[in-house]
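Welcome! Take a moment to look over the sequence and the 3D view, and then let's walk through some of the details together.

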Amino acid sequence: MPFAPLLLAVLGEIAAVAPFRNMLTPGGQRMSVAMTNCGAVGWVTDRKGYRYERLDPETGRPWPPLPDGLIELAQRAAVEAGFPAFRPDVCLINRYEPGARMSLHQDRDERDLSAPIVSVSLGLGATFLFGGLKRSDRPYRLPLSHGDVLVWGGEKRLAYHGVAPVADGCHESVGRMRINLTLRHAL
Ligand code: SIN
Ligand code: FE2
């Protein structure tokens, strides 16, 4: 993956400013996935709900800027998938340790749902669950591994999706974790 070493270096810089943290769901559950963000706003959740915030609630400071290289990578993937006008302004970064999972949900906190989601996976592999527009629709199981880039949008933009518990292992360059970056147009 030609872009992976650069991405990993950039992630280290981002996490030094906006550390990974396990946020609370509105229902009060601690998420198993640790998260941070870069960009004009960042996705957060706590007792008050899901939303985008301009300041990192942990530090009180703006999120680190979205690196140009990441914008270009996401735009190239979006063009290939048929979304030539994609202009990402935020990147949510998820860190899964073995056993961490993400239950089925829709990404619906972004203002303009005509923009796709571009998702980049690094490190340990995982099974991505890609469902339908109803939570009860049986999800398709898609294996994702280091360097995979997935784009979804259009009539699938509000598809329920999630990640099955990550199996234990050690990736040669990322270690004992899976990292996922989702680039979005949120504002
Ligand atoms: C997400 O839905 O934000 C997570 C996607 C993933 O980790 O692959
Ligand atoms: Fe999501």
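In which strand is N180 found? The answer is strand β11, which covers residues 178–184. Keep in mind that this is a predicted model. We will begin with the iron ion, move on to ligand 1, and then visit several residues one by one.

**The iron ion (ligand 2)**

- H105 and H161 each coordinate the iron ion (ligand 2) through NE2, and D107 does so through OD, at 2.1 to 2.2 Å.
- Along the sequence, these donor residues follow the spacing H-x1-D-x53-H.
- The pair H105 and H161 links distant parts of the chain: H105 belongs to strand β5 (residues 102–105), H161 belongs to strand β10 (residues 161–163), and the two are 56 residues apart.
- Why is the arrangement around the iron ion (ligand 2) called irregular? The four donor atoms subtend angles of 89 to 177 degrees, which makes the arrangement irregular. To count as tetrahedral, four donors would need all angles between 85 and 135 degrees.
- H161 is buried, because its relative accessible area is 3% and buried means under 20%.

**Ligand 1 and its surroundings**

- The residues that surround ligand 1 are N94, Y96, M102, H105, F128, H161, V163, R178, N180 and R184.
- H105 and H161 therefore appear twice in our tour: they surround ligand 1 and they also coordinate the iron ion (ligand 2), which has its donors within 2.8 Å.
- Y96 places a polar side-chain atom 2.5 Å from an oxygen atom of ligand 1.
- In the side chain of H161, an N or O atom is 3.0 Å from an oxygen atom of ligand 1.
- For N180, the matching distance from a side-chain N or O atom to an oxygen atom of ligand 1 is 3.2 Å.
- How much of ligand 1 does the protein bury? Taken alone, ligand 1 exposes 260 Å², and the protein buries 99% of that.

**N180 and S121, a polar pair**

- N180 counts as buried, because its relative accessibility is 5%.
- S121 sits in strand β6 (residues 117–123), and at 2% relative accessibility it is buried too.
- The side chains of N180 and S121 are joined by a polar contact of 3.5 Å.
- Leaving out residues up to four places away in sequence, N180 touches L92, I93, N94, Y96, S119, V120 and S121.
- With neighbours within four places in sequence left aside, the contacts of S121 include L144, S145, H146, G147 and D148, and also R178, I179 and N180.
- S121 and S173 are 52 residues apart in sequence, and their C-alpha atoms are 13 Å apart in space.

**D148, in a loop**

- You will find D148 in the loop between β8 (140–144) and β9 (149–152).
- Is D148 buried or partly exposed? With a relative accessible area of 27%, D148 is partly exposed.
- A polar atom in the side chain of D148 lies 2.7 Å from the backbone nitrogen of S145.
- Beyond its neighbours within four places in sequence, D148 is in contact with S119, V120, S121 and P143.
- D148 and R47 are 101 residues apart in sequence and 33 Å apart in space, C-alpha to C-alpha.

**A40 and V41, between β1 and β2**

- V41 lies in the loop between β1 (34–39) and β2 (42–46), and A40 has its place in the loop between β1 and β2 as well.
- V41 is buried, with a relative accessible area of 3%, whereas A40 is partly exposed at 38% relative accessibility.
- Neighbours within four places in sequence aside, V41 is in contact with Y52, E53, R54, W63, D89, V90, A186 and L187.
- Counted in the same way, A40 is in contact with R54, D89 and L187.
- From C-alpha to C-alpha, V41 is 15 Å from P19, and A40 is 17 Å from P19.

**R21, ahead of β1**

- R21 lies in the loop between α1 (4–17) and β1.
- R21 is buried, with a relative accessible area of 10%.
- At 2.8 Å, the side chain of R21 reaches the backbone oxygen of P19.
- Among the contacts of R21, with neighbours within four places in sequence left aside, are V33, A34, D56 and W63.

Conventions. Residues are numbered from 1 along each chain as its sequence is written. Chains are lettered from A and ligands numbered from 1 in the order in which they are written. This is a predicted model: local features need pLDDT of at least 70, side-chain atom pairs count only at pLDDT 80 or more; totals for chains, interfaces and linings use all residues. Side-chain values use heavy atoms; hydrogens and water are left out. Donors are N, O and S atoms within 2.8 Å of the metal (3.2 Å for Na, K and Ca); water is not among the atoms, so sites may look incomplete. Four donors count as tetrahedral if all angles lie between 85 and 135 degrees; four count as square planar and six as octahedral if opposite donors are over 155 degrees apart and all others between 65 and 115; anything else is irregular. Helices (H or I, at least four residues) and strands (E, at least two) are DSSP runs, numbered from the N terminus. Buried means under 20% relative accessible area, exposed over 50%, partly exposed in between (1.4 Å probe, protein chains only). Contact means heavy atoms within 4.5 Å. A residue is near a molecule or strand if one of its heavy atoms lies within 4 Å of it. A polar contact is a pair of N or O atoms within 3.5 Å; within protein, one must be able to donate a hydrogen and the other to accept it, and residues adjacent in sequence count only if both atoms are side-chain atoms. Accessible areas come from the Shrake-Rupley method with a 1.4 Å probe; for residues, only the protein chains shown count as cover.
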